[in-house]
Amino acid sequence: MMEYQYHYGLKVRCYPSDKQKKIIEHNINGSKFAYNEMVAIDKELYKLRKCKLYIKQVQNRIDYLKKRKESTKYLFALHSWLHQFNVGTDVTSMAIRSYKAAWKMFRNVHSSGVPKFHRKQYSGGFQLPNRYSSKVSTPSLFNGNIKFVDNKHLNVSLIGRIRISGSHTRLMVEHSGIRIGTVSVSRDSIGNYYISLQLASDSPFVQTLNITGNPIGIDLNTENFLTTSDGDVVDNPRYYRKNKKQLAKQQRILSRKQLRAKKEHRSLRDSKNYQEQRVLVAKLNNKVSNRRNNFLHETSTALIKNHDLVVAEELRSKNLLKNHALAMSISDVGWRTFLQMLEYKAKVYGKTFVTVDPKNTTQTCSHCGYLMKGEEKLTLSDRTWTCPNCNQYHVRDHNAAKNILAKAI
């Protein structure tokens, strides 16, 4: 996949049959089990290596655990239910690769934490590699053990032919030399199924746009979603706040049904009333998430398509969320996701996106460069102000957006 110049991600909705749903369920459980098995082995190895006096039994156990980590054959030999439920060896191998990647992430970014046991949840997924026959000279969407059968069906190893819907039709018509890489099959908490595909090609997936000659700076804030250096303001939709009361009401009902099921010693997975309410709450959360993502996609695409250079302030959401007075507003607006969208869309469309240090962008006059200090310093309540040096009237967010663009240039 790395040999190809262009890479693209595609996610489609799939509609498995009842038999296919069981296969997906078993492989989700198998993937989670393989990951947790690696966590358990490493935890045991850590404790054994702390022994100051090695005896033969301890050393033998360490050697045995090392062999178990290196090969999946021990996993299937010790746990026969994996064979019984037809869990794929590729699924467990990919889970182990994910575990190793998690350790690599921990070593590079210590704040990510060490890999931990994956809990059993209503949502989940597993990965599969796509394999091409040695007889195939040019890998494409229509060969390999994971391939498109037609516009409405995808053939996936282990699962078989499955019905899909999504935005894949354009790629199938316009591109012939696309290679499918790793594929992820997932199920959300509502019970919807999705397939995500890694695609690679030597020709671009999206045509680069014409040069507009327009640079723009954007200031992100909680009062409105963003203000541009051109003076345009995009309102904050506040999707979570609008649904907060309804969501809280349904969550209280869910909590009562959970308590009742526990008092009657019924399993939550077998309690129909609890499961119906759980799905209702999950749908409300999903609705908020989908509406927010749709808004972020539309806004980011419009900015990238209409400007050659887009400049934003470099935000550290983790630090901002420590302010409990603003934490909910910051989480609701989705700044981090928005900046990530701008970054990858700029690469796709051949535009430029950069971030700058936001220090003093609000406190500096964009007209004369005067910096407000001491008692003159602006507070969050100061939405408009006049520069004491040049008497220039400023709208706070518009001024900040101008300074952000000037810093980048």
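This briefing covers one sheet, the aromatic pairs and two charge-over-ring contacts. The model is predicted. It contains an open sheet of five strands and nine aromatic pairs.

**The sheet**
- The strand order is β10-β9-β8-β11-β12, and the pairing is mixed.
- At the edges are β10 (233–234) and β12 (352–356), each of which pairs on one side only.
- Strand β9 (residues 226–228) runs antiparallel to β10, and two bridges join them.
- Thr227 has Val233 in β10 as its bridge partner.

**Aromatic pairs**
- A pair of aromatic rings is described by how far apart the centres are and by the angle of the planes.
- Among the nine aromatic pairs is that of Tyr8 and Phe205, which counts as stacked because the centres are 4.9 Å apart and the planes are at 20°.
- Tyr8 is in strand β1 (residues 6–15) and Phe205 is in the loop between β7 (193–201) and β8 (215–220), so this pair ties together parts 197 residues apart in sequence.
- Tyr8 is partly exposed, at 25% relative accessibility, whereas Phe205 is buried, at 4%.
- Phe225 and Phe295 form an edge-to-face pair, with 5.0 Å from centre to centre and 75° between the planes.
- Phe225 belongs to the loop between β8 and β9 and Phe295 to helix α8 (residues 272–306), so the pair ties together parts 70 residues apart in sequence.
- Phe225 and Phe295 are both buried.
- Ring pairs also link Phe225, Tyr239, Phe295 and Phe338 into a cluster.

**Charges over rings**
- Lys11 has its charged end over the ring of Tyr194, 4.8 Å from the ring centre.
- Arg163 has its charged end over the ring of Tyr15, 4.5 Å from the ring centre.

Notes:
Residues numbered from 1 in each chain as written. Predicted model: local features only at pLDDT ≥ 70, side-chain atom pairs only at ≥ 80, totals over all residues. Heavy atoms only, no water. Pairing = 2+ DSSP bridges. Helix = DSSP H or I, 4+ residues; strand = E, 2+ residues; numbered from the N terminus. Phe/Tyr/Trp six-rings, centres within 6.5 Å; stacked < 30°, edge-to-face > 60°. Buried < 20%, exposed > 50% of the residue type's maximum accessible area, 1.4 Å probe, protein only. Lys NZ or Arg CZ within 6 Å of the ring centre and 35° of its normal.
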